[in-house]
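Student: I would like to go through this structure by question and answer. Please state the cut-offs as the terms come up.

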Amino acid sequence: GLSRTTTPYGGTFAFQAPNQYLVGDGGTFTLPSACCGPISLSTGAGLVPLLSNPGGTSVVIDGAKAGGATVADLDILGSQVGILATGNLTGLPSAAYPLGQPTLVQNVTISGNGTAASQRGVSIENATGAIDFRDTAIENMTNVGFAVTKGSADISYQGSIKSNVAENGGVATPIIQIKETTGGTISLASGAAPAGSTVPNAISDIGGDGIVIQQNAAGTTIGIDNVTLKSNVKTAIAVLNDNSTTTITAGTGAGIVKDTNGAAIAVEGGGNPTFAYTGPITNSRPNAGATTSYLLNVSDTLGGSVTLTSPAGTPFADSGDGIRINNAASDVTITGAGANIASSGAQGILIDNGSSGTFLFRNVTITKAASEGVLINQAPGTSSFENLNIALTDTGATGFRADTAGNINANFTNTISTASTTAPAVKIEDSGPIAMTFTTITSGLPNATGKALQFLGTTTGGFSVSSAFTVGGLPGTKANNVDNAAGITLGGLLGP
C-alpha cells in the first residue's frame with residue numbers, strides 16, 4: 001500500500017505477478033476472503049496517495065505476467081499515461097473469481113494538469129481477458145481520455161470520463177477512442193451507477209473531438225451511455241471504416257449540442273457497422289466561417305445499419321445542413337420523435353451518389369432548404385417516408401425531387417408546401433416504382449399553367465393526394481397542374 005505524501009509518487013508502478021494489489025491508504029477498498037468476510041487494506045483515513053509521471057506511465061498492468069491486478073484508492077495527476085493495460089488481463093482464480101480474477105481499477109481519479117502536455121487517462125492496448133473499472137473518474141486529458149487499441153478484451157467501466165477544452169490546456173482530443181479491436185464487449189458508463197457508488201456514470205466532452213469508433217471487427221460490441229457532447233470539433237461521434245456493433249445513448253446526459261463545422265454524427269468509410277444512437281441532437285452551423293454541419297453524414301459504407309432515435313417529444317433540431325447519405329450501402333433509419341430540419345444548405349435530406357441501402361425517415365419536418373426539401377439523386381436504394389412534412393418558403397426550392405432513384409414510399413400523413421413560383425412541389429424522373437400518398441400539397445406556381453407535380457421519364461408506380469391539392473391559391477387540377485409524361489397511376493384528388 002501507499003500513503004499520501006507531500007511529493008507525488010513519480011516513476012512507474014509495474015506489477016510483477018498475477019493478482020497483485022496496489023492499494024492506497026485513505027480509501028475504502030476491501031479484499032474478499034473465503035473464510036472471514038472482507039478485509040480492509042487501508043491503515044487509516046485521510047487523502048489517498050497521489051501519483052504523477054509527466055514523462056511516462058504511472059501504472060502498468062502487463063497481462064503477460066500480471067493479469068488480475070488490482071489498483072485502488074489512488075489519484076493520478078499529469079501523467080503521460082495514467083494506467084496502461086496490455087495482454088491477458090484475467091489473472092489466477094480467487095475466492096471471488098473462481099474462473100480467474102479480472103483486473104480491477106477502483107476509486108481511482110486520473111486528471112490532466114491543465115497544460116497542453118501529452119496526457120492520456122487510460123490506454124488498453126492489445127489486451128484480452130477482462131478488466132473492470134469501478135468508481136473511476138478521468139478528467140481533462142489532452143491525448144484521449146479513454147483509449148482501447150487492438151485486442152479483444154471485455155471492458156466494463158463504471159464512473160465518469162470528462163473533458164473541457166477550457167480546462168485541459170485548450171487541446172481538442174477524443175474523449176473516447178476505440179479502434180482496431182478484434183472482438184470483446186466494451187461497456188462504458190452504462191445505465192445508473194450501482195447503489196453505494198461514489199462516482200455517477202457520465203461521459204462529457206466540451207469542445208473536444210468527441211467519440212471515435214474506428215476499424216473495429218464485427219465481433220466487437222460497444223455500449224456507451226450517459227453522454228453529453230457539446231461544440232465538438234468536426235464530429236461529436238465518428239464511426240470510421242468500422243464493423244462493430246455500437247450503441248450510444250444520452251441517458252442522463254444532454255446528448256449532442258453541436259455548432260461547429262462537420263457532422264454531429266458521421267458514419268464513414270468502407271465498413272459494415274451496426275450503429276445506433278438514442279438521445280437529443282441540436283445541430284447548427286458555426287457562427288462564423290465555413291461551411292457545412294450535417295445532423296448526420298453517412299458515406300462510402302459497404303453495408304450495416306445506422307439508426308438514430310430521438311426521445312419522445314424532443315425531435316432532433318437541425319439548422320445546419322440536414323442529413324446526407326452519400327455512396328452508402330448501409331441501411332439508415334431516423335425514428336422516434338423524428339427531426340425538425342431548417343437547413344442552411346441546399347437540401348434538408350440528400351441521398352445520392354449510388355447509395356443502395358434501405359432508408360427510412362419517420363416524423364421528419366423540413367422548413368428550410370435552398371434547392372430541395374428532399375433530393376434523391378442517382379441512388380438505387382429504397383427510400384421510405386412516414387409523416388413527412390415539407391414547408392418551404394425558399395423562392396427556388398422544390399419540395400421533393402428524385403432523379404434516377406430506386407423505390408420510394410410515402411405513408412401515413414405526409415404534406416408538402418412550397419412558395420416558389422418557378423419550381424414544382426414534386427418532381428420525380430426515371431425513378432421507382434413509387435408508392436406515395438400525401439394528405440395535402442400546396443404549390444406557389446401559377447394555377448393556370450404551373451406543373452406543380454411532375455412525373456417524368458421511366459418513373460413507375462403510383463402517387464395520390466387525399467385532402468387538398470392547391471396551386472397558386474386555387475384548387476389544382478390534373479389537366480393544368482400535373483405533368484404525368486411517365487404515365488404513373490394517379491389517385492385520390494388526382495384520379496379519374
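Student: Which residue in β9 does L74 stand opposite?

Tutor: This is a predicted model, in which local features need pLDDT of at least 70 and side-chain atom pairs count only at pLDDT 80 or more, while totals for chains, interfaces and linings use all residues. Residues are numbered from 1 along each chain as its sequence is written, and side-chain values use heavy atoms, with hydrogens and water left out. Strand β9 (residues 103-111) pairs with β7 in the parallel sense over seven bridges; two strands pair if DSSP finds at least two bridges between them. In that pairing, the residue opposite L74 is V108.

Student: How many helices and strands are there in the chain?

Tutor: Both are DSSP runs numbered from the N terminus, helices being H or I with at least four residues and strands E with at least two. By that count, the chain has two helices and 47 strands.

Student: Why is strand β7 described as largely enclosed by the rest of the structure?

Tutor: Buried means under 20% relative accessible area, exposed means over 50%, and partly exposed is in between, with a 1.4 Å probe and protein chains only. Strand β7 covers residues 70-77 and is largely enclosed because its buried residues number six of the eight.

Student: Which residue of β7 is the bridge partner of L51?

Tutor: β7 also has parallel pairings with β2 (residues 21-23), through three bridges, and with β5 (residues 50-51), through two bridges. On the β2 side, V23 has A72 as its bridge partner. On the β5 side, the partner of L51 is I76.

Student: What percentage of the residues in the chain is buried?

Tutor: The C-alpha trace spans about 90 × 45 × 35 Å along its principal axes. The accessible surface comes to about 17,700 Å², with 53% of it on carbon and sulfur atoms; such areas come from the Shrake-Rupley method with a 1.4 Å probe, and for residues only the protein chains shown count as cover. Out of 496 residues, the buried share is 52%.

Student: Which residues of the largest nonpolar core touch the most other members?

Tutor: In soluble globular proteins, nonpolar side chains tend to be buried together. A nonpolar core here is a set of buried Ala, Val, Leu, Ile, Met, Phe, Trp, Tyr and Cys residues joined through side-chain atoms within 4.5 Å. The largest one has 107 residues, and those touching the most other members are I124, F146, Y277, F400 and F463.

Student: What share of the contacts in the chain between residues at least 6 apart in sequence joins residues at least 24 apart?

Tutor: Contact means heavy atoms within 4.5 Å. I124 gives a local example: residues up to four places away in sequence aside, those it touches include A85, L89, F146 and I155. For the chain, the share joining residues at least 24 apart is 77%.

Student: Which residues of strand β31 point to one face and are buried?

Tutor: Strand β31 (residues 339-342) runs parallel to β28 (residues 316-318), with three bridges, and to β34 (residues 364-368), with four bridges. A317 stands opposite N340, and I341 stands opposite I366. The side chains alternate: N340 and A342 point to one face and are not buried, while the buried residues on the other are A339 and I341.

Student: Is N353 buried or partly exposed?

Tutor: N226 and N353 can be taken in turn. N226, in the loop between β18 (220-224) and β19 (227-230), has phi near 55° and counts as buried at 5% relative accessibility. N353, in the loop between β32 (347-352) and β33 (358-362), has a positive phi of about 55° although it is not a glycine. Its relative accessibility is 44%, so N353 counts as partly exposed.

Student: What is the omega of the cis peptide bond that joins G432 and P433?

Tutor: P433 is in the loop between β41 (426-429) and β42 (434-443). For the cis bond between G432 and P433, omega is about 10°.

Student: How far apart in space are T282 and L295, C-alpha to C-alpha?

Tutor: T282 lies in strand β25 (residues 281-283) and counts as partly exposed at 41% relative accessibility. Neighbours within four places in sequence aside, T282 is in contact with I256, V257, K258 and A317. T282 and L295 are 13 residues apart in sequence, and their C-alpha distance is 8.1 Å.
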